[in-house]
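Me: Could you take one part of this predicted model and go through it closely, step by step? I would like to know what is packed inside it and what does the packing.

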Amino acid sequence: MHNSAFLFFSCPSAVIIEDLDVVGTKASRSEANASFISQLRSQIERINAMEVEVIVLATCTELEAVDTTLRAPNIFGKEIEIPVPALNQREDILHKLVKSFSHNLTPGDIKHITSITHGFVGADLKSLLANSHLHALKIPSAANVINIRDIEECIKIVHPSAMKSILIDTPNVS
């Protein structure tokens with residue numbers, strides 16, 4: 001008879017912890033938070049010590065907010081930064097994303113959207129298009145097609161995820 005914990009870790013596995021900067025924050029020094037961080041670190045160290053194929057991956061949007069004990073090299077091993085898309089990258093992302101929606105956006109409209117979405121990551125751009133699609137559905141005469149007016153209306157409610165970060169590309173402020 002096998003130990004159930006052994007069976008779980010005997011197969012290739014991935015443990016994904018989303019928003020580590022929220023759950024493993026160094027900002028909150030409460031006893032519960034400190035206990036959670038200690039337990040998390042202990043469990044990750046235990047997994048790392050086992051000779052099994054388990055990957056522990058954590059995501060965050062603000063790396064500096066993660067408690068330093070969780071950033072020790074023997075915990076996660078590597079830190080990989082995925083930068084915020086630059087202007088030309090946002091344009092490429094938008095061209096791919098709009099294919100999933102009915103729209104009448106011109107290449108000039110796409111360039112305009114790109115210029116007003118500084119700090120937006122792919123998920124933000126997708127959210128902007130999804131909200132714009134819902135906006136278009138609410139207008140009877142719009143034929144359920146996204147246009148630039150829908151985008152301009154929805155940009156007021158969809159905010160960029162990365163505006164807290166230091167960005168390399170400079171917004172167009174002309």
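Reply: Start with Cys 154, which counts as buried because its relative accessibility is 4%, under the 20% limit for that word. Helix 7 covers residues 148-154, and this helix belongs to the part worth a close look. The model is predicted, and the values below are computed from it.

Before going further, the cysteines can be settled. How many disulfides does the structure hold? The number is zero. A disulfide is a covalent bond between the sulfur atoms of two cysteines. Cys 60 is partly exposed, at a relative accessible area of 31%, whereas Cys 154 is buried.

Now the part itself: helix 6 and what surrounds it. Helix 6 runs over residues 122-138, which makes 17 residues. At 1.5 Å a residue, a span of 24 Å is expected; the C-alpha atoms at the two ends are 25 Å apart, so the two values agree.

Which residues of helix 6 are buried? They are Asp 124, Leu 125, Leu 128, Leu 129, Ser 132 and Ala 136. Looking down the helix axis, these buried residues fall within an arc of 135°, and therefore they line one face of the helix. The face turned away from that buried side carries exposed residues: Ala 123, Lys 126 and Lys 138. Helix 6 thus has a buried side and, turned away from it, a face with exposed residues.

What covers the buried residues of helix 6? The cover includes helix 4 (87-97), helix 5 (107-115) and helix 7 (148-154).

Helix 5 can be read in the same manner. Its buried residues are Asp 109, Ile 110, Ile 113 and Thr 114. Seen down the axis of helix 5, they fall within an arc of 140°, so they too line one face of their helix. Those buried residues pack against helix 4, helix 6 and helix 7. The contact between helix 5 and helix 6 therefore appears from either side: helix 5 is part of the cover over the buried residues of helix 6, and helix 6 is one of the elements that the buried residues of helix 5 pack against, with the buried residues of helix 5 on one face.

The next step is from helices to side chains. In soluble globular proteins, nonpolar side chains tend to be buried together. Here, the largest nonpolar core has 16 residues. The members that touch the most other members are Leu 94, Leu 105, Ile 113, Leu 128, Leu 129 and Ile 151. The elements that give two or more residues to this core are helix 4, helix 5, helix 6 and helix 7. Another core lies apart from this one; it has twelve residues, among them Ile 44, Val 54, Val 56 and Val 66.

Leu 129 is a useful place to stop. It is one of the buried residues of helix 6 and also one of the core members with the most contacts to other members. Leaving out residues up to four places away in sequence, Leu 129 touches Leu 94, Leu 97, Val 98, Phe 101, Ile 146 and Ile 151.

One of these contacts, Ile 146, lies in the loop between helix 6 and helix 7. Is Ile 146 buried or exposed? It is buried, because its relative accessible area is 0%. A position in a loop and a buried side chain can be read together here: Ile 146 belongs to the loop and is buried.

What does Ile 146 touch? With residues up to four places away in sequence again left out, its contacts are Phe 101, Ser 102, His 103, Asn 104, Leu 105, Leu 129, Ser 132, His 133, Ala 136 and Ile 151. Leu 129, Ser 132 and Ala 136 in that list are among the buried residues of helix 6. Sequence distance and distance in space can also be set side by side: Ile 146 and Val 98 are 48 residues apart in sequence, while their C-alpha atoms are 9.2 Å apart.

To put the part together: the buried residues of helix 6 line one face, and helix 4, helix 5 and helix 7 are included in what covers them. Those four helices each give two or more residues to the largest nonpolar core. Ile 146, from the loop between helix 6 and helix 7, touches Leu 129.

Technical notes: Residues numbered from 1 in each chain as written. Predicted model: local features only at pLDDT ≥ 70, side-chain atom pairs only at ≥ 80, totals over all residues. Heavy atoms only, no water. Expected span 1.5 Å × (residues − 1). Buried < 20%, exposed > 50% of the residue type's maximum accessible area, 1.4 Å probe, protein only. Arc of directions from axis to C-beta. Contact = heavy atoms within 4.5 Å. Disulfide = S-S within 2.5 Å. Core = buried A, V, L, I, M, F, W, Y, C linked by side-chain atoms within 4.5 Å.
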